[in-house]
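Please open the model in your viewer and keep the sequence panel beside it, since this tour moves from one selection to the next.

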Amino acid sequence: MPTEAQIAGGHKANINNPNTSQESKENSKKILDNEFNGGDVPKASENRDKNPGNVAGGLKATLKNPNVSDEAKESAKERLEQME
């Protein structure tokens with residue numbers, strides 16, 4: 001089941017999509033204004049806590065990724081240490 005943030009995000013994307021009709025854009029704007037406070041809804045990530053195991057896995061992957069800057073690796077290392 002999609003969250004309010006996901007639904008509002010879909011309507012926002014529709015409004016900014018050059019391939020959708022003006023009628024569709026107007027419908028999305030109306031829905032955002034009437035049902036989602038103009039699109040001002042909590043982010044999807046604010047609705048639930050993150051799984052610490054997944055966060056740690058992502059940080060570990062950052063440390064091993066050769067395409068990541070040294071600064072980002074240092075930040076990931078510090079965050080991992082804080083989790084322990």
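Is Asp33 buried, exposed or partly exposed? Select this residue and show its surface: the model, which is a predicted one, gives Asp33 a relative accessibility of 42%, and because that value lies between the 20% and 50% cut-offs, Asp33 counts as partly exposed.

Keep Asp33 on the screen and add Lys29, whose side chain meets that of Asp33 in a salt bridge, with 3.1 Å from N to O. The structure holds 1 salt bridge, so this pair is the place to look for it. Both residues belong to helix α2, which covers residues 22-35, and they sit 4 residues apart, about one turn of the helix. Lys29, like its partner, counts as partly exposed, because its relative accessibility is 45%.

Now select residues 4-16, which form helix α1. This helix has 13 residues and reaches 19 Å from its first C-alpha to its last, which is close to the 18 Å expected at 1.5 Å a residue. Colour Ala5, Ala8, His11 and Asn14, for these are the buried residues of α1, and notice that what covers them includes α2.

Pause at His11, which counts as buried because its relative accessibility is 16%, a value under the 20% cut-off. Leaving aside residues up to four places away in sequence, His11 touches Ser28, Ile31 and Leu32.

Next, display α1 and α2 together. Two packed helices are described by the angle between their axes and the distance between the axes. Here the angle is about 145 degrees and the axes are 8 Å apart, and α1 passes α2 in a left-handed crossing. On the α1 side, select Ala8, His11, Lys12, Asn14, Ile15 and Asn16, which meet Ser24, Lys25, Ser28, Lys29, Ile31 and Leu32 in α2. The residues of this contact divide into 4 nonpolar, 5 polar and 3 charged.

Finally, move along the chain to helix α3, residues 52-64, and helix α4, residues 70-83, whose axes come within 9 Å and cross at roughly 145 degrees. The crossing of α3 and α4 is left-handed. Among the residues of α3 that take part in the contact are Pro52, Val55 and Leu59, while those of α4 include Ala72, Leu80 and Met83. If you colour the residues of this contact by type, you will find that they divide into 9 nonpolar, 1 polar and 4 charged.

Note on methods:
Residues are numbered from 1 along each chain as its sequence is written. This is a predicted model: local features need pLDDT of at least 70, side-chain atom pairs count only at pLDDT 80 or more; totals for chains, interfaces and linings use all residues. Side-chain values use heavy atoms; hydrogens and water are left out. A salt bridge is a side-chain nitrogen of Lys or Arg within 4 Å of a carboxyl oxygen of Asp or Glu. Helices (H or I, at least four residues) and strands (E, at least two) are DSSP runs, numbered from the N terminus. Buried means under 20% relative accessible area, exposed over 50%, partly exposed in between (1.4 Å probe, protein chains only). Contact means heavy atoms within 4.5 Å. Axes are lines fitted to C-alpha atoms, for helices over the stretch in contact, and angles run from 0 to 180 degrees between N-to-C directions. A crossing is left-handed if the near helix is turned anticlockwise from the far one by less than a right angle, and right-handed if clockwise. Ala, Val, Leu, Ile, Met, Phe, Trp, Tyr, Cys and Pro count as nonpolar, Asp, Glu, Lys and Arg as charged, and the others, Gly among them, as polar. The expected span of a helix is 1.5 Å times one less than its number of residues.
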